[in-house]
Each structure stands twice: as C-alpha cells, then as structure tokens.
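Biologist: I'm new to reading protein models. Could you walk me through one?

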Amino acid sequence: MNRESLELLEYERLRALVGRFVASDAGKLLLEQVSPSTDLAPLEGTLNEAAEAIRYLEDADQPQTRGGAATPRLRFAGLPDVARAAAKLRIEGSVLEPLEISAIAEVLERAMEVRQALAPQAARYPLLAARAAGIGDFRKALREISGKILPDGSIADDASVALRRIRRDLDRQRNEIQDSLDRFLKAHRDDGLLQEEFVTLRNDRFVVPVIPGAKRKLPGVVHGASGSGHTLFLEPLETIDLNNDLVRLSEEELQEIHRILREITARLREHAGEVRAAAEALAQLDLVFAKGHFAQEFRCVVPRFSHDEAPRLTLKAARHPLLEDVLRRTGKRVVPVSLQLDASRRTLLISGPNTGGKTVAMKTVGLFSLMAQSGLPVPAEEAEFPLFDDVLADIGDNQSIEQSLSSFGAHVARIKEMVECATSGALVLLDELGRATDPEEGGALGVAILDEFRQHGAFTLASTHLLALKVYGSNTPGVLNASMGFNEETLEPTYVLRTGAPGKSAGLDIATRLGLPERLIERARGAMSSTERDIAAFLNQLEEKIGEVSAESDELKRQKTALEEREQKLLKEMERREAARIREIEQTVAEAQKRFEQEARETIEMVLSAPEQRKQAEKILRQVARTKREFQESVEGLAQKEVRKAPPKDAIREGTRIRLRDVSGAARVRRVLSGGMLEVDVGFLKMQVPASEVLEVLPDAPGSGTSLPKGVSFSAGPRWDTLTREINLIGKSAEDAQDEVDRFLDSAYLAGVTRVRVVHGHGMGVLKRVVQDLCKAHPNVEKFYPAGPSEGGTGATVVELKEA
C-alpha cells in the first residue's frame with residue numbers, strides 16, 4: 001500500500017487505537033506487524049477469526065442459563081513476554097534464570113486455561129479452537145515446576161531434599177556463629193575494646209566492631225575499617241572455623257540451586273518447540289480478542305469482500321473510529337455515512353458546504369478499506385469492499401517551503417504520482433480537486449483528472465466546490481453526484497451525505513455563522529454575478545427537494561416496515577386461532593368416536609343376548625356407522641385434513657394390509673370380491689366393505705412374509721367372529737369339554753372378548769359342574785353366572801373375562 005496514503009488516512013493512529021485493547025507485550029508486537037494485504041484467502045480467515053471472537057465475547061457477556069455451561073472469559077492481561085527465554089531454551093547447555101522459568105510457567109498455565117476453554121467448543125468456534133489446538137499438554141511439566149520458584153525469583157526450600165538439608169544446616173550454622181559472637185561480646189563488654197555491641201557482616205563473614213587499639217589485644221582477623229577509621233571489624237579467632245563452614249554451606253547451596261535450575265531448564269528444553277508455539281498462540285489469540293473488544297466498544301461489523309467480476313463498495317451507517325473516539329470524550333456523537341458504488345458507478349463526486357464533512361466522508365471510506373484489508377472490524381452496520389490493489393489519497397495541504405512547493409504545486413505533484421500508480425483495482429481519494437488555482441482552470445483540470453481515473457476503472461471519491469465538476473458529475477455515465485447536508489435555518493452543516501445531486505458550497509452562509517461582519521457578507525453577495533446567484537439558488541432548491549424526497553422515502557420505508565410487522569402479527573394470530581380451532585374440532589371428533597364405539601359395543605352385547613332382535617340391531621349399527629362416517633367427513637373437510645390419494649386398484653390384493661375409513665386399527669384383505677367389494681379382517685371382526693373405503697395401503701408388519709428358521713413352526717393367534725361368541729358342549733365327555741372350554745376361554749381373552757356363553761345343557765349337571773370348576777380356577781375369568789332365559793337359562797353359563 002502507498003505509504004503516503006497510510007499517513008494521510010492516519011493508519012498509525014488507528015493501530016494505536018486498536019492497541020488499547022491488546023493486553024500483552026507479545027500481542028502488541030504482533031499488532032505492529034499488521035498492515036493492509038491484498039491476499040484474499042488469509043484476509044478472510046483473519047476476519048472470520050475476528051467474527052468468532054466477537055461472538056465468543058457476546059456469549060461470555062450473557063448470564064449463565066440453568067443447566068447450561070457459562071462461556072469462560074479468557075485472561076491475557078499481564079501475560080509475560082517469554083520470547084528471549086524460549087530462544088534461550090534452544091541453546092544447548094544454557095540455564096534459565098528463576099524469573100525466566102517463572103514467566104514460562106505462567107505462560108504455560110494461561111495457555112492451558114485457554115485450551116481448556118476453547119477446545120470443547122470447536123463446533124461453535126472452529127477457528128479459535130484450531131488456534132488453541134496448537135497448545136500442547138504441559139500438565140506434567142507444570143507439576144514438576146510447581147512450587148519450586150517463588151514469586152520473588154528465589155528457589156523454594158522444598159525444591160529438592162538436598163537444598164532443604166543444606167538450608168537447615170545453614171540456619172544451624174548461623175545460630176552457632178551468633179551464639180559464639182554473643183559470648184565474645186559478653187566476655188569483652190567491660191574491656192573497653194568494643195566499639196559497639198552488635199554483630200554485622202563483612203565479606204560474607206560475621207564480625208564485631210572494635211576500636212583500632214584492640215587489634216593487638218583481641219585474637220582474630222580484621223575484615224576492614226569504617227570510613228572514619230575509628231572502627232575495625234574483627235572476626236574473632238573462635239568463629240573463624242564456624243564462618244568457614246558457613247561459606248562452604250553457602251557454596252553448596254548455590255551449587256544445588258544451579259543443579260535445580262539446570263534440571264528444570266533441561267525439562268523445559270524437551271518442550272522448547274511447544275513452549276514457543278504456546279506463546280505464539282497466546283499472542284495471536286490476544287490480538288484476535290483485542291479485535292473483538294474493539295468491535296464491541298465501537299459497535300463494529302466484520303467487512304465482506306465482493307467478487308472481482310461484480311465489485312461493490314457499500315457502507316451503511318459508517319462512523320470514523322478516530323473521530324468517534326474524540327467526540328465521545330465531549331459527549332457528542334458521530335453522524336454516520338452511507339453510500340454505495342458498484343461496477344456501473346465507480347466515481348462519487350461530493351460537494352456541499354465548507355466544514356460539512358466531505359473530507360471526513362472520504363477519510364472514512366479510505367480508512368475502512370485499509371482496516372478491512374488489515375483484517376480489522378469496522379464501525380458500521382454493513383460494509384463491503386472490493387479487494388483494492390492500492391489506496392491512493394490526496395488529502396489536505398501538502399505545501400513545502402523546503403521543497404519550494406506551493407499548495408497547488410504540491411497538489412499537482414501528488415496527483416501526478418497517483419495517476420502513474422492508478423490501476424482498475426485502486427481506490428482513489430481526491431480532496432478539493434482543482435483547488436488553489438483559478439476556478440475555471442481548476443475545474444477543467446479536475447474534470448480531466450477525474451475522467452482519467454474513470455477510464456482506468458478505479459473506484460474514485462472526490463470532493464469539490466467547482467461548478468465544472470458538478471456539471472461533469474451530472475452528465476457523465478458512471479459518475480454519481482452527492483452532497484453534504486446544510487440547514488438553512490441554523491446556517492449549520494448537518495454532516496448527512498445524500499447521493500443523487502450536487503450541493504451548494506454555502507461559503508457566505510458559513511462565513512456569516514462564523515461571525516464575519518455583515519457588511520462584508522453583503523458586499524460579497526453584491527459582487528456575485530446573476531448567474532452565480534441563480535446557480536446557488538437552484539442548488540439550494542434542489543437540496544431542499546432532495547431533503548423532502550429523502551424524508552418521504554424514509555417515512556414510506558417506516559410505514560412499509562410497520563405494515564410488514566403488522567402483517568406478520570396478523571398471520572401469526574390467524575395461525576394460532578386456526579390451530580386452536582382444529583384442536584377443538586379434533587377433540588370433538590375424538591369424543592364422538594369414543595361415544596360411538598361405546599354405543600356400538602353395547603349394541604353388539606344386546607345382539608348377543610337377544611337373537612330375535614339381531615336384525616333390528618344390525619340395521620341400527622349400519623345407520624349409526626353411516627351417521628358417524630358422514631359426521632367425520634364433514635369435520636375433516638372443515639379442519640382441512642390432508643386428502644390422501646386413493647391407492648391404485650392393483651395395489652389391493654389378498655393379504656394386503658390396509659387402513660379403512662372410520663376404523664382406527666389396520667385391516668387385512670381376505671378376498672377381493674366382485675362389484676368393488678372387499679372381505680377384510682379387522683381384529684376379531686370379519687366384514688365386507690367397498691374398496692372406496694380404503695384410505696391407504698400399509699406396508700407389511702415387520703417380520704411378515706419372512707420364512708421361519710428350520711425347526712420353528714407358527715400357528716396364528718385367535719380369530720374371533722363377533723356373532724359366534726359361544727361354545728356348545730352338549731354331547732361332549734367331561735374331559736373333552738374341559739379341554740375345549742379351557743382353549744375357548746384363552747382364545748377369547750387373547751382376542752379381547754370380554755363376555756362369552758358356554759352351552760352345556762341340563763342333563764345330570766356333570767358338564768355344568770366342569771364348566772363352573774374350570775371358571776373358578778381360570779386366571780382370566782372375572783366372573784360367571786347362569787344365562788338369562790333368552791340365552792338358555794340354567795342350560796348355559798355366561799362367562800365375563802378380564803380385560804387383556
């Protein structure tokens with residue numbers, strides 16, 4: 001990217017703003033390496049990572065739901081930089097310092113925390129989890145280091161058994177020396193040879209202060225004198241050996257500490273590559289989550305990149321982050337910018353009042369393009385960009401006294417560089433095009449420059465006050481005029497960008513607001529030509545009309561949105577009412593069907609108990625069934641039930657399982673009769689029905705139609721005819737009768753029959769007793785009693801069975 005453009009668009013200030021959210025030094029080093037790129041694949045991966053970080057932070061802010069695991073917050077603050085220590089591990093024979101080991105241990109602990117937080121959530125955050133997957137398992141290494149290095153960098157006594165022993169001996173030795181010197185001080189307290197009565201250290205040896213004349217009288221070694229020479233520091237003869245032992249133990253302590261550090265370093269060296277990878281992963285994740293925090297703070301979105309064959313530059317409610325950061329401190333808000341350019345309209349020409357926000361709008365587009373190509377979220381509601389080869393900007397006054405460049409000269413020199421660098425994949429930003437020279441010549445030059453970039457195919461944004469450029473924007477295909485809003489009542493800019501028409505400069509109005517004397521303003525207005533005044537008036541009226549149209553458009557959009565919301569609410573209410581109505585109808589149908597089945601059972605029982613009324617009962621049954629069918633058909637139509645297509649006739653054959661209208665259970669076809677009739681079995685019922693009553697053909701039940709293994713036989717379960725629920729035992733022997741009644745009752749129970757009749761006659765009463773004895777002992781018999789007169793009286797027994 002063009003270095004001068006980066007400076008003009010304040011890219012470094014933007015990077016510093018993002019840097020506020022980077023917690024670690026290693027992360028800040030990575031941020032310094034961030035720069036705009038033209039490689040699409042890595043860019044999209046970086047932006048997708050940022051999107052996951054934003055989603056992770058949003059999840060972490062949500063309160064924990066009952067039974068759900070909270071999203072843990074990741075800690076990067078205070079993370080030490082272990083780059084030097086990790087590099088030192090690669091040097092064979094080097095030994096890490098205690099604080100370096102402590103720093104590596106902290107990094108590994110944090111890395112393990114991050115890995116444990118992200119690894120289980122790979123489905124929701126795949127890219128972040130992939131980063132965390134590069135972190136190794138350091139639990140064993142951390143256990144070996146744990147507790148050995150104290151926070152101040154010293155080695156703990158428990159770091160090894162030998163170190164504990166040595167330090168215990170050192171404490172004992174110091175106590176012995178202290179006791180020896182205390183005895184020495186007491187012994188010579190009254191000799192006048194002691195300067196002061198205390199014990200101190202010189203050259204790592206315990207000594208006592210004495211007067212200079214005591215040197216010949218007290219045996220020992222002098223280890224120096226005070227600055228004045230009035231005090232000598234004497235090591236008494238009796239403590240020399242004790243001090244020697246103390247020095248020896250101190251050397252042993254240092255040797256043991258060095259051994260411990262060498263051992264820990266060797267252990268970490270085994271994981272040198274993993275340590276470096278973990279540190280890098282933490283730094284990268286710190287930067288990714290810094291982007292997430294930046295996005296939360298400035299309400300950012302992750303930008304998209306359009307395809308080369310259909311390039312689009314779209315911004316919706318874009319806010320310049322540096323300006324927003326400044327205005328926040330004063331309690332003000334940024335007026336957002338929205339615009340759209342595409343392959344058919346690549347040039348946007350912005351006009352309007354001075355201090356109206358034209359430059360800010362262009363800087364916003366330029367900086368956002370750099371942010372998107374740096375993998376950073378942008379403060380907007382929506383953002384889409386082409387992948388630019390370069391961003392070329394001429395913004396501000398680049399005059400230079402040292403280089404003898406005037407404002408116009410610097411302007412032209414910069415444009416010359418931009419024209420030489422421009423390609424169809426460039427973004428060009430031109431502030432106050434044609435400025436600092438004669439307006440007529442500047443306008444002509446500006447038109448030529450704009451047309452040059454347009455022919456290159458570059459996306460171009462330019463600001464101007466020149467009439468020639470405004471006319472060019474209105475008459476040239478691919479060029480879109482836009483203006484910054486201006487409030488005629490307050491004489492203040494509104495900072496709102498409107499596309500479709502040029503705007504007036506309002507220089508005199510702005511000067512009035514800024515306090516220029518009225519006489520000067522009036523003199524300036526009088527000096528304007530009638531043409532200039534007419535143009536200014538026309539642009540003023542045009543801006544008013546555009547404002548009115550824009551307001552009406554916004555109102556129409558609001559009304560459309562309100563109507564759509566109302567329509568959705570009405571649809572939901574209608575669906576809710578329809579669902580409630582269908583549930584009510586289904587409940588009514590279920591209750592009616594339940595009553596029908598109950599009445600049908602009672603009618604069947606009546607038929608069995610009164611054979612002479614059978615024909616009348618069958619007539620009633622047919623009438624009830626017809627009435628029920630008609631009722632259900634009307635209800636189904638009312639509830640808009642699914643209409644199934646009648647199965648083809650050739651699909652119904654003997655043995656086919658089918659579902660019939662008004663029958664809840666499945667039926668099986670026994671025979672296909674003439675006249676479109678079918679003979680079917682439904683449970684224990686055998687009936688004839690029209691083929692039109694078949695709703696659907698069902699698949700065979702699992703296991704049906706399959707061959708049985710060798711040596712295995714199959715006998716069908718009980719079949720029962722509703723009109724023959726009795727057994728006649730007359731003429732049977734007692735033994736045969738008992739077997740037949742036993743099988744009869746079992747079959748009836750399995751078929752779901754609850755009432756049967758056993759005819760045994762009068763005779764000697766033998767068969768009657770056999771039946772009664774069997775009923776008493778049968779587990780499925782609820783009760784039994786003599787039949788009524790219409791069913792055979794005492795010559796038959798009625799048996800009621802338990803429900804299966």
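Modeller: Let's go from the whole chain down to one helix and one surface patch. Keep in mind that this is a predicted model.

Biologist: Okay, how many helices and strands does the chain have?

Modeller: There are 22 helices and 23 strands. Of the 804 residues, 41% count as buried. The accessible surface comes to about 44600 Å², and carbon and sulfur atoms hold 51% of that.

Biologist: What share of the contacts links residues 24 or more positions apart?

Modeller: Among contacts with a separation of 6 or more, that share is 67%.

Biologist: Now a helix. What span does α15 reach?

Modeller: You compare the end-to-end reach with what the residue count predicts. Helix α15 runs over residues 439-456, 18 in total, and reaches 25 Å from its first C-alpha to its last, close to the expected 26 Å. Just after α15, Gly 457 takes a positive phi of about 90°.

Biologist: Which residues of α15 are buried?

Modeller: They are Gly 442, Gly 443, Gly 446, Ile 449, Leu 450, Asp 451 and Phe 453. Their cover includes strands β8, β11 and β12, along with helices α14 and α16.

Biologist: And the surface? Which residues form a nonpolar patch there?

Modeller: Val 335, Tyr 495 and Val 496 do, with about 210 Å² of accessible area together. Tyr 495 is found in strand β14, residues 492-499.

Biologist: Why does Tyr 495 count as partly exposed?

Modeller: Partly exposed means between the cut-offs of 20% and 50% relative accessible area. Tyr 495 is partly exposed because its relative accessible area is 37%.

Definitions and conventions
Residues are numbered from 1 along each chain as its sequence is written. This is a predicted model: local features need pLDDT of at least 70, side-chain atom pairs count only at pLDDT 80 or more; totals for chains, interfaces and linings use all residues. Side-chain values use heavy atoms; hydrogens and water are left out. Patches are made of residues with over 30% relative accessible area and no salt bridge: like charges are joined within 9 Å, nonpolar side chains (Val, Leu, Ile, Met, Phe, Trp, Tyr) within 5 Å. Accessible areas come from the Shrake-Rupley method with a 1.4 Å probe; for residues, only the protein chains shown count as cover. A salt bridge is a side-chain nitrogen of Lys or Arg within 4 Å of a carboxyl oxygen of Asp or Glu. Helices (H or I, at least four residues) and strands (E, at least two) are DSSP runs, numbered from the N terminus. Buried means under 20% relative accessible area, exposed over 50%, partly exposed in between (1.4 Å probe, protein chains only). The expected span of a helix is 1.5 Å times one less than its number of residues. Contact means heavy atoms within 4.5 Å.
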